[in-house]
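I opened my notebook to go through one protein model step by step, writing down what I looked up and what I found.

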Amino acid sequence: MFTVTVRDHVMIAHSFRGALFGPAQALHGATYVIDVTFRAEKLDPNGVVIDIGAAHQALKDTLAPWAYSNLDELPEFAGVNTTTEFLAKAVFDKLAAAARAGSLGRPASEIASIEVVLNESHVASAGYSGNL
């Protein structure tokens with residue numbers, strides 16, 4: 001399987017509901033470093049997995065509405081604990097939609113899967129992976 005990975009970051013604020021989260025129930029900030037890996041069984045006629053520039057732009061576009069925002073106040077996250085795992089799936093969903101819309105420089109049918117990993121520190125990360 002061939003892979004291409006793009007990386008970006010986003011700074012957000014949020015809080016969690018539930019005793020499980022202890023002090024993170026209070027409003028706090030996080031800076032996520034996001035790695036997105038696209039997989040394909042074959043290279044395209046240009047010899048690439050995906051248009052790396054288009055993939056990076058799609059990731060930037062996905063993260064832009066969240067940057068320097070309190071996620072608790074965004075309508076798309078109303079009533080949801082925006083855990084690292086949850087956000088990984090949210091990034092995946094937006095990038096999968098971009099792939100299906102043909103904006104990543106290769107038909108979605110030729111992309112085997114996308115994996116999203118949100119690194120919340122140098123010792124912890126969470127992710128989501130799915131087939132297209």
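These entries cover a helix, the nonpolar core, a few salt bridges and one residue after a strand.

**Entry 1: helix H1**

I began by noting that this is a predicted model, and then I turned to helix H1, which covers residues 52-63. I wanted to see whether its length made sense: at 1.5 Å a residue, its 12 residues should span 16 Å, and since its end C-alpha atoms are 17 Å apart, the two values agree.

Next I looked at the N-terminal end of H1, where Asp51 acts as a cap, with a side-chain oxygen 3.0 Å from the backbone nitrogen of Gly53.

Which residues of H1 are buried? I listed Ala54, Ala55, Ala58, Leu59, Thr62 and Leu63. When I looked for what covers these buried residues, I found that the cover includes strand E1 (2-14), strand E2 (28-40) and helix H2 (84-100).

**Entry 2: the largest nonpolar core**

I then looked up the largest nonpolar core, which has 35 residues, and noted that Ile34, Val36, Phe38, Trp66 and Val116 touch the most other members. At least two residues of this core come from each of E1, E2, H1, H2 and E4. Which element gives the most to this core? It is H2, with nine residues.

I followed Val116 further and, leaving aside its neighbours within four places in sequence, I found it in contact with Ile34, Asp35, Val36, Ala88, Val91, Phe92, Ala126, Gly127 and Tyr128.

**Entry 3: salt bridges**

I reminded myself that side chains of opposite charge can pair when their charged atoms come close. How many salt bridges does the structure hold? There are six, and I wrote up three of these pairs below.

The pair I looked at to begin with was Glu115 and Arg39, whose closest N and O atoms are 2.9 Å apart. Glu115 lies in strand E4 (residues 113-119) and Arg39 in strand E2, so this salt bridge ties together parts that are 76 residues apart in sequence. I checked the accessibility of both partners: Glu115 counts as partly exposed because its relative accessibility is 26%, and Arg39 counts as partly exposed because its value is 22%.

I went on to Lys94 and Glu76, whose side chains meet in a salt bridge at 3.5 Å, N to O. Lys94 lies in helix H2, while Glu76 lies in the loop between strand E3 (69-70) and H2, so the pair ties together parts that are 18 residues apart in sequence. Lys94 is partly exposed, with a relative accessible area of 33%, and Glu76 is also partly exposed, with 41%.

Then I looked at Arg106, which forms a salt bridge with Glu110, the closest N and O atoms being 2.8 Å apart. Is Arg106 buried or exposed? It is buried, because its relative accessible area is 5% and buried means under 20%, whereas Glu110 counts as partly exposed at 36%.

**Entry 4: Leu132**

My last entry concerns Leu132, which I found in the segment after strand E5 (125-131). Leu132 is partly exposed, with a relative accessible area of 30%.

I compared two distances for Leu132 and Ser113, which are 19 residues apart in sequence and 5.5 Å apart in space, C-alpha to C-alpha. Leaving aside neighbours within four places in sequence, I found that Leu132 is in contact with Ala96, Ala99, Arg100, Ala108, Ile111, Ala112, Ser113 and Ile114.

Terms used
Residues numbered from 1 in each chain as written. Predicted model: local features only at pLDDT ≥ 70, side-chain atom pairs only at ≥ 80, totals over all residues. Heavy atoms only, no water. Helix = DSSP H or I, 4+ residues; strand = E, 2+ residues; numbered from the N terminus. Expected span 1.5 Å × (residues − 1). Buried < 20%, exposed > 50% of the residue type's maximum accessible area, 1.4 Å probe, protein only. Contact = heavy atoms within 4.5 Å. Polar contact = N/O pair within 3.5 Å; in protein donor to acceptor, adjacent residues only side chain to side chain. Salt bridge = Lys/Arg side-chain N within 4 Å of Asp/Glu carboxyl O. Core = buried A, V, L, I, M, F, W, Y, C linked by side-chain atoms within 4.5 Å.
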